[in-house]
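These notebook entries record what I looked up in one structure. I took the contacts between the protein chains first and the DNA afterwards.

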Number of protein chains: 2
Amino acid sequence: MKVSTKGRYALRLMLDLAVYNTGRPISLKDVAKRQQISEKYLEQIISLLNKAGFVRSIRGPQGGYMLTKAPGEYTVGRILRLTEGDLAPVSCVEKDGMECERRQGCVTVRIWEQINEAVNSVVDHITLADMVEWQMEKADQYVI
Amino acid sequence: MKVSTKGRYALRLMLDLAVYNTGRPISLKDVAKRQQISEKYLEQIISLLNKAGFVRSIRGPQGGYMLTKAPGEYTVGRILRLTEGDLAPVSCVEKDGMECERRQGCVTVRIWEQINEAVNSVVDHITLADMVEWQMEKADQYVI
DNA sequence: ACAATTCATATTGAATAAGTCGGAATTAGG
DNA sequence: CCTAATTCCGACTTATTCAATATGAATTGT
């Protein structure tokens, strides 16, 4: 029941791009330094985000990445699902999951469905914009 | 974010013991047959449940296992946590989890906490007795 | 031209998942 | 007491996934 580093890093990566956005591309090197994550690993992760159109890339010196949309447009769910796959606790309740011949008599599936709904209702109602706001509040605390 | 077979099988195993309880021990062979799970693998799983006192074992011929408490006393959460460990989506929000030096500045932790609470509130409010009831309803549907 | 960047693919090492295997210990029934 | 059914125990295996590293090509601002 764990979220892998890939999903967690993706979230921090996207948050970093949102928080440090100045209208100019942000290099992975900077993100890696701030977030203390291997730059090489971030490359793999942002590649997914790039192909999915969540960010756009600018190559060459002074290049980097930028969000393609406003932070409020990215739910945590969309970011996590892109990197982690379906968040369902078992494959038989996934959106495009495997079908199971035991399904009709299976009682545990109700539990998995409820867990699935509970998780989704959390991640689909939090956006990057919320997280940026939290970040600002944190920052305020330390400035005072 | 998946529950492993170990946790899923443990749940079905406990449910089987609850549903087919007649006051006499139930052998793993029978459970394995009904649930279509490897008997050898079930041995490993029930060993955990046994050591935790969730079931008690009777050895020898006509031996097997029995629940030690009423089905209503077992929450899904307790069964899953025994086999899966803490259900938290990241270790830093586990009950006895690792501490993280990034913690104070970390914003994503709020998300993991909310997911954790959402999952716990599902699994800690469903008991084996509920599942037995669901099973009965299912059975009724097919008898009619 | 150079250096900073992204892009693409392959490889690695460790851990975990999901069992299987072989046999020892216990005990009810004949 | 013997036998067979059962639990109990630990080692082993096989495949997959995780979490990166490594290598180098392609692009482009200065």
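A salt bridge is a side-chain nitrogen of Lys or Arg within 4 Å of a carboxyl oxygen of Asp or Glu. I note at the outset that the model is a predicted one.

**Entry 1: salt bridges between the chains**

I applied the rule to the interface of chain A and chain B, and four salt bridges were found there. Over all chains of the whole structure, the search gives twelve.

I then looked up individual pairs. Glu94(A) is joined to Lys2(B), with 2.9 Å between the closest N and O atoms. Glu94(B) and Lys2(A) also meet in a salt bridge, at 2.9 Å from N to O. The latter pair crosses between chains: Glu94(B) is in the loop between helix H4 (76–84) and helix H5 (109–123) of chain B, while Lys2(A) is in the segment before H1 of chain A.

Are these two residues buried or exposed? I found Glu94(B) partly exposed, at a relative accessible area of 22%. Lys2(A) is partly exposed as well, at 32%.

**Entry 2: the interface as a whole**

I recorded 41 residues of chain A in contact with 41 residues of chain B. The two chains bury about 3,800 Å² between them, and 65% of this area is on carbon and sulfur atoms. Which three residues supply more than any other three of the area that chain A buries against chain B? They are Met1(A), Lys2(A) and Val107(A), which supply 19% of it.

I also noted 14 residue pairs in polar contact between chain A and chain B, with both residues at pLDDT 80 or more. On the side of chain A that touches chain B, the elements giving two or more residues are helices H1 (5–19), H4 (76–84), H5 (109–123) and H6 (128–143) of chain A. H5(A) gives the most, with nine residues. By class, I listed 23 nonpolar, eight polar and ten charged residues on this side of chain A.

**Entry 3: salt bridges within chain B**

I next examined Lys40(B) and Glu43(B), which form a salt bridge with the closest N and O atoms 3.6 Å apart. Both residues lie in helix H3 (residues 39–51) of chain B, three residues apart, or about one turn of the helix. Lys40(B) is exposed at 59% relative accessible area, whereas Glu43(B) is partly exposed at 36%.

A further pair is Arg81(B) with Asp124(B), at 3.1 Å from N to O. Arg81(B) lies in helix H4 of chain B and Asp124(B) in the loop between H5 and helix H6 (128–143), so this pair ties together parts that are 43 residues apart in sequence.

**Entry 4: the DNA**

Which residues come nearest to DNA strand C? Of the 26 residues around the strand, I noted Ser57(A), Tyr65(A), Lys40(B), Gln44(B) and Pro61(B). Of the strand's atoms that come within 4 Å of the protein, sugar and phosphate account for 58%.

I looked up three separate approaches. A side-chain N or O atom of Gln44(B) is 2.6 Å from a base oxygen of DNA strand C. For the side chain of Arg59(A), the distance to a base oxygen is 3.3 Å. At Thr5(B), a backbone N or O atom lies 3.0 Å from a phosphate oxygen.

H3(A) supplies the largest share of the surface near DNA strand C, with five residues. I closed the entry with the classes of this surface: seven nonpolar, twelve polar and seven charged residues.

Conventions
Residues are numbered from 1 along each chain as its sequence is written. Chains are lettered from A and ligands numbered from 1 in the order in which they are written. This is a predicted model: local features need pLDDT of at least 70, side-chain atom pairs count only at pLDDT 80 or more; totals for chains, interfaces and linings use all residues. Side-chain values use heavy atoms; hydrogens and water are left out. Contact means heavy atoms within 4.5 Å. Buried area is the accessible area (1.4 Å probe) that two parts lose on being put together, summed over both. A polar contact is a pair of N or O atoms within 3.5 Å; within protein, one must be able to donate a hydrogen and the other to accept it, and residues adjacent in sequence count only if both atoms are side-chain atoms. Helices (H or I, at least four residues) and strands (E, at least two) are DSSP runs, numbered from the N terminus. Ala, Val, Leu, Ile, Met, Phe, Trp, Tyr, Cys and Pro count as nonpolar, Asp, Glu, Lys and Arg as charged, and the others, Gly among them, as polar. Buried means under 20% relative accessible area, exposed over 50%, partly exposed in between (1.4 Å probe, protein chains only). A residue is near a molecule or strand if one of its heavy atoms lies within 4 Å of it.
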